[in-house]
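This report introduces a protein structure to a reader who has not met it before. It goes from single positions in loops and helices to the core, and ends with the cysteines.

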Amino acid sequence: MKRILSAEFKRAINIWFALGIFGVAFSICFDSWNDLIRHWENNVGTVHYIFANSAFGGMCREHLLPVFAAFPFAVSFIREKKSKAMPYIVLREGKRTYCTVKYVVNAVSGGVVIALGTALVLLLLIKFPMADSDYLDARIADAFHDWLAVHHPVQYCAVQIFLGFFRGMLWSGAALLVSVYIEDVFVVIVSPYVGSFVFTQLNRLLQIDNAYRLDNILTGRSVIHSSWSTVIIAFICTMLIVFVMGMIFVRKIVRGLGNGTIH
């Protein structure tokens, strides 16, 4: 298990991993591109403004960003299947070990890509204050993690990175699951974009309270009780969904290898 886990993680650290990180940073920044350029030239603005603005109505951060979670490893199953390498790996490592490791490495690598992309933006914006000092003594609404940004900047950065990691795990796991049913690499990579859009619309159709919508929580639009409580809720919800998708993925592959529909 350790050997194949290490080998798969090494495979996941590739050029697409790096491109995914820069893509995430681009997605966060592009939603506020004009403001960011103006702030950079005039040395004004705050880090929190860029993140809150992209969370509030940014198409790139909401729908494009999840695509980059699938960059490093989501198409690895398709490639191994098409190259006929999968039967040899399964014979050596075992069906369940192969499936489990494949899913875990994919989910973690997707999460790391979003987390590092988020951290890169925070690093690039280090010249700006985290939040407007005019609000330090003011009572502000606890939305977009405003309070934490004003009073605990380091913790605010950690919250943004954690939420990014959870979101990356969710959508990279979803993309790998799609690859079991669809063998087109482009469709698999783009599936998080479609999935995030459908998920958002489904929440609206079901009229779920905006404060409790997982998509709002993971993008930082919703804060439940406190920022760290929100992180814990996001962690539990994400792990449950990732676990269920992982179970479906493993069961589908093991069954397909057993009856010969996957070879």
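With a relative accessibility of 74%, His225 counts as exposed, because that value is over 50%. The model in which this residue is seen is a predicted one. His225 sits in the loop that runs between helix H12 (214–219) and helix H13 (227–259), and although His225 is not a glycine, its phi angle is positive, at about 70 degrees. Asn43 is another residue that has a positive phi without being a glycine, here of about 55 degrees, and Asn43 belongs to the loop between H3 and H4.

**A buried loop residue**

Ala74, too, is a loop residue, placed between H5 and helix H6 (76–82). Is Ala74 buried or exposed? Its relative accessibility is 0%, and Ala74 therefore counts as buried. When neighbours within four places in sequence are left aside, the residues in contact with Ala74 are Asn106, Ser172, Ala175, Leu176, Ser179 and Val188. The C-alpha atoms of Ala74 and Val185 are 8.9 Å apart in space, while 111 residues separate the two in sequence.

**Helix H2 and its surroundings**

Helix H2 covers residues 15–30, and at 1.5 Å a residue its 16 residues should span 22 Å; the C-alpha atoms at its ends are 22 Å apart, so the model agrees with the expected span. At the N-terminal end of H2, Asn14 acts as a cap, with a side-chain oxygen 3.0 Å from the backbone nitrogen of Trp16. The buried residues of this helix include Phe17, Gly20, Ile21, Gly23 and Val24, and also Ala25, Ser27, Ile28 and Cys29. Among the elements that cover the buried residues of H2 are helix H1 (2–12), helix H3 (33–42), helix H4 (47–57), helix H5 (59–69) and helix H8 (95–124).

Ser27 offers a closer view of this helix, since Ser27 is found in H2 and is buried because its relative accessible area is 0%. Its side chain reaches the backbone oxygen of Gly23 at 2.9 Å. Beyond residues up to four places away in sequence, Ser27 touches Cys60, Arg61, Leu64, Leu65 and Phe68.

**Helix H5 and a polar pair in H4**

Helix H5 is mostly covered, with nine of its eleven residues buried. These buried residues are Cys60, Arg61, Glu62, His63, Leu65, Pro66, Val67, Phe68 and Ala69, and they pack against H2, H4, H8, H10, helix H11 (185–205) and H12.

In helix H4 one finds His48, which counts as buried because its relative accessibility is 11%. The side chains of His48 and Asp146 are joined by a polar contact of 2.3 Å. Apart from neighbours within four places in sequence, His48 is in contact with Met130, Ala131, Phe144, His145, Asp146, Ala149 and Tyr156.

The table gathers the relative accessibility of several buried residues.

| Residue | Relative accessibility | Class |
|---|---|---|
| Ala74 | 0% | buried |
| Ser27 | 0% | buried |
| Cys60 | 6% | buried |
| His48 | 11% | buried |
| Cys157 | 18% | buried |

**The nonpolar core**

In soluble globular proteins, nonpolar side chains tend to be buried together. In this model the largest nonpolar core has 72 residues, and Phe249 and Ile253 are those with the most contacts inside it. Helix H10 (residues 153–181) gives the most to this core, contributing 13 residues. If residues up to four places away in sequence are not counted, Phe249 touches Cys99, Lys102, Tyr103, Leu176, Leu177 and Val180.

**The cysteines**

How many disulfides does the model contain? With a cut-off of 2.5 Å between cysteine sulfur atoms, the count comes to zero disulfides. Cys60 is accordingly in no disulfide, and the nearest cysteine sulfur, which belongs to Cys29, is 10 Å away. For Cys157 the closest cysteine sulfur is also that of Cys29, but at 14 Å that sulfur is too far for a bond. Both cysteines lie under the 20% cut-off and so count as buried, Cys60 with 6% relative accessibility and Cys157 with a relative accessible area of 18%.

Key: Residues are numbered from 1 along each chain as its sequence is written. This is a predicted model: local features need pLDDT of at least 70, side-chain atom pairs count only at pLDDT 80 or more; totals for chains, interfaces and linings use all residues. Side-chain values use heavy atoms; hydrogens and water are left out. A nonpolar core is a set of buried Ala, Val, Leu, Ile, Met, Phe, Trp, Tyr and Cys residues joined through side-chain atoms within 4.5 Å. Buried means under 20% relative accessible area, exposed over 50%, partly exposed in between (1.4 Å probe, protein chains only). Helices (H or I, at least four residues) and strands (E, at least two) are DSSP runs, numbered from the N terminus. Contact means heavy atoms within 4.5 Å. The expected span of a helix is 1.5 Å times one less than its number of residues. A polar contact is a pair of N or O atoms within 3.5 Å; within protein, one must be able to donate a hydrogen and the other to accept it, and residues adjacent in sequence count only if both atoms are side-chain atoms.
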